[in-house]
Amino acid sequence: MDQETAYLKKRLTDLSRRAEQKNIVTFSHFLNLNELNILHQSVRELHSSFETFGGYEQAERQMAAFIPDALSYVWEYPIRTVRLAPSHRKFAEDLTHRDVLGALMHLGIKRETLGDILLPEDGIYVFCADAVADYLTDNCTKIRHTTVTAALIDAQDFHYEPKRMEKDGIVASLRLDTVLADVCKLSRSAAQKRISEGSAFLNSKKILQNDYLCQEGDLLSVRHYGKFQIQSVGQVTKKGRIKYRYDVFV
């Protein structure tokens, strides 16, 4: 176990112990997919139950809430939603996720206090910890050369459905390395390398086994390549290959 993983496990265990001892809900920072995987691997070491949420249903980066057994009050996640919009749309640049994250980090905002950053057509949405929400809205006025206006919005006013592109694939088997190679357009050996180095997550859990058999509904995230979901598995061809349909999140 590396030092960073050991520290995170200790931090999560301490939060769960504090929740149980003080009978309060405690929260982690925003956890990425790898950290969420560590959390799920640490279940036996925790002192309380937990839930995770990132501000909306399909969130990739999520906070963990540690909940004591005898909890007697209503609680909610300390997550706020900020909408960033160009002040002058006519002169606005086509901004990317990296542009937005870079601008926020330049303000001194730590990555662990930021959840997902979404860029639908009607603006830029940033999920952040309550502790940095006001600072973000007051100080994020420019991204690259584009002047922006920031405002907090009510979670009930946020509606998001990720764009998907439906594609058909054909593979020799539904092994993870085979499917990953197909959706990411990689060689089999390159796909196996991505898996062995811990870059592949299936349903938010790191998978290191090449021979894991994918199923309908599985959500596959691959660092630097994107997110994919298997929608249906179809017929087997005369040559024994399997037809399937999957979505690419764009």
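The legends below describe close-up views of a predicted model. In this predicted model, local features need pLDDT of at least 70 and side-chain atom pairs count only at pLDDT 80 or more, while totals for chains, interfaces and linings use all residues. Residues are numbered from 1 along each chain as its sequence is written, and side-chain values use heavy atoms, with hydrogens and water left out.

**View A. The two sides of helix H6 (residues 188-196).** Helices (H or I, at least four residues) and strands (E, at least two) are DSSP runs, numbered from the N terminus. Ala190, Ala191, Arg194 and Ile195 of H6 are buried (under 20% relative accessible area; exposed is over 50%, partly exposed in between; 1.4 Å probe, protein chains only). They cover an arc of only 145 degrees around the axis, which puts them on the same side of H6; the arc is that of the directions from the helix axis to the C-beta atoms. Ser189, Lys193 and Ser196, on the other side of H6, are exposed.

**View B. An open sheet of six strands.** The strand order is E9-E14-E13-E12-E10-E11, with antiparallel pairing (two strands pair if DSSP finds at least two bridges between them). Strands E9 (164-171) and E11 (205-206) stand at the edges with a single partner strand each, so one side of each is left without a neighbour in the sheet. Strands E12 (residues 219-222) and E13 (residues 226-236) are joined by four bridges. Valine 222 has glycine 226 in E13 as its bridge partner.

**View C. Serine 48 in the loop between helix H2 (33-41) and strand E2 (49-53).** Serine 48 is buried, at a relative accessible area of 10%.
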